[in-house]
Amino acid sequence: MTTEERFLSYIEAFNAGDWDRLTEFYAPEVCLIIGNGTELRGRAAIVAFYEQVRTKARRTIRVVDCFCDGELLAAELASEFVALVDAPDFPAHPLRQGDRLYINSLALYDFDDVFFTRIRAATILREYRPATLGEATPI
Amino acid sequence: MSAGWGTLILSCHQKPFRDWFEAYLTAFNRADFAGFAAYYADDVIFRGQAAQVVGSQQVVEFYRRVRAYLDEHVELLTFVGAPDRRKIVAEMRTTLVAMRDWPDMPSGPMRTGDRRSTVVFAIYELADGRFTRIRTARVAGAQAASR
């Protein structure tokens, strides 16, 4: 399996909410820095964060592209968040149930032979689409 | 010194990908407009932090305007090149120093002597050895790489 194929499996695990499988891709001391600068260290912290987000919104990630160079993988990701409940404190933008948030991001994954050791992301574009209007607006 | 178009084609296919990209940044940091403009497709789409323009001439005109006010230096922190040379993702630190007041600077006013440093991830899409689309994403907080 190539690193790119392995990465697609990782995203598949994420979209399925399969945290056990997801953490198989992480080094024990993995560091994840998400688009707003929040830094999470270790598998448990990352899973706790994702679990918390998942109580408020369903996130689906589509891999626009990914490629490797040495021990780095770069990816462009298109994420769709659908709010399951009202989430006024949702990171990036307050959401009401049914609202959608689209985030295009660039992410860099450092990896060793087996695991991702560091993941960093930055946002290219955000769009907010309220459930009531259906019109997407950049934010 | 400008990088001629013939040189660019040769470089893109024969130099290591990272060296080719670093030559672009070297030309950019020297304000060698002809040199770095040679990397752009005529209809390049540029979506930077301070400008969103289409066309190589428009990009150059934007940077000529910037250079009238600012000294700009870009440092390559991380480089990831697609093996088939169709894309690059780079992490870069941009340092701006205002040489004179620029109250209308698109990303926020600067006064003479002000220094501003930001880190971005940028994705460059290529066709025929030139950039066809450039998009950047500002990195929040202090998370620049050390490599």
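**Backbone outliers, cores and salt bridges in a two-chain model**

With a relative accessible area of 24%, B:Arg85 is partly exposed. The model examined here is predicted, and this residue makes a convenient starting point for a walk through it. B:Arg85 lies in the loop that connects strand 3 and strand 4 of chain B. Its phi is near 60°, a positive value in a residue other than glycine. Most residues other than glycine have a negative phi, so both this residue and the next one deserve a look. B:Asp128 also has a positive phi, of about 50°, although it is not a glycine. This aspartate sits in the loop between strand 5 and strand 6 of chain B. B:Asp128 counts as exposed, because its relative accessibility of 68% is over the 50% cut-off. For B:Arg85, the value of 24% falls between the limits of 20% and 50%, which is why the label is partly exposed.

The loop that holds B:Asp128 belongs to a hairpin made by strand 5 and strand 6 of chain B, with 2 residues between the strands. These two strands of chain B pair in the antiparallel sense, and 8 bridges hold the pairing. Within it, B:Ala122 stands opposite B:Thr136 of strand 6. On the other pairing, strand 4 of chain B is joined to strand 5 of chain B through 11 bridges, and this pair too runs antiparallel. Here B:Leu96 has B:Arg116, in strand 5 of chain B, as its bridge partner. In a regular strand, side chains alternate between the two faces of the sheet.

The strands just described also feed the interior. The largest nonpolar core counts 39 residues, and B:Phe21, B:Tyr40, B:Tyr63, B:Ile88, B:Met92, B:Tyr124 and B:Phe131 are those with the most contacts inside it. At least two core residues each come from helix 2 (17-29), helix 3 (33-37), strand 1 (40-47), helix 4 (56-69), strand 3 (70-81), strand 4 (87-98), strand 5 (115-127) and strand 6 (130-138) of chain B. Helix 2 of chain B gives the most, with 7 residues. A look at one of the core members shows how these elements meet. Leaving aside residues up to four places away in sequence, B:Phe131 touches B:Trp20, B:Phe21, B:Tyr24, B:Tyr39, B:Tyr40, B:Ala41, B:Val44, B:Ile88, B:Tyr124, B:Glu125 and B:Leu126. A second, separate core has 28 residues, among them A:Val30, A:Ile61, A:Leu73 and A:Ala107. Nonpolar side chains tend to be buried together in soluble globular proteins.

Chain A contains 3 helices and 7 strands, arranged along the sequence as α-α-β-β-α-β-β-β-β-β. The chain has a radius of gyration of 15 Å, which agrees with the value near 14 Å for a compact globule of 139 residues. Along the principal axes, its C-alpha atoms fill a box of roughly 45 × 25 × 25 Å. Of the 139 residues of chain A, 47% count as buried. Among its contacts between residues at least 6 apart in sequence, 49% join residues at least 24 apart. The accessible surface of chain A comes to about 6700 Å², and carbon and sulfur atoms account for 50% of that area.

Charged pairs complete the picture. Over all chains, the structure holds 17 salt bridges. One of them joins A:Asp89 and A:Lys56, whose closest N and O atoms are 3.4 Å apart. The pair links distant parts of the chain, 33 residues apart: A:Asp89 lies in the loop between strand 4 (72-83) and strand 5 (100-111) of chain A, and A:Lys56 in the loop between helix 3 (43-54) and strand 3 (57-69) of chain A. A:Asp89 is exposed at 54% relative accessibility, whereas A:Lys56 is buried at 17%.

A salt bridge also forms between the side chains of A:Asp110 and A:Arg118, at 3.3 Å from N to O. In this pair the aspartate, A:Asp110, is buried at 6% relative accessibility, while A:Arg118 is partly exposed at 22%. In chain B, B:Asp71 forms a salt bridge with B:Arg67, with 3.6 Å between the closest N and O atoms. B:Asp71 is partly exposed at 37% relative accessibility, and B:Arg67 is buried with a relative accessible area of 17%. Finally, a network of salt bridges links A:Asp65, B:Asp84, B:Arg86 and B:Lys87.

Technical notes. Residues numbered from 1 in each chain as written. Chains lettered and ligands numbered in written order. Predicted model: local features only at pLDDT ≥ 70, side-chain atom pairs only at ≥ 80, totals over all residues. Heavy atoms only, no water. Core = buried A, V, L, I, M, F, W, Y, C linked by side-chain atoms within 4.5 Å. Buried < 20%, exposed > 50% of the residue type's maximum accessible area, 1.4 Å probe, protein only. Helix = DSSP H or I, 4+ residues; strand = E, 2+ residues; numbered from the N terminus. Contact = heavy atoms within 4.5 Å. Pairing = 2+ DSSP bridges. Salt bridge = Lys/Arg side-chain N within 4 Å of Asp/Glu carboxyl O. Rg over C-alpha atoms; globule rule 2.2 N^0.38 Å. Areas by Shrake-Rupley, 256 points an atom, 1.4 Å probe, with all protein chains shown as cover.
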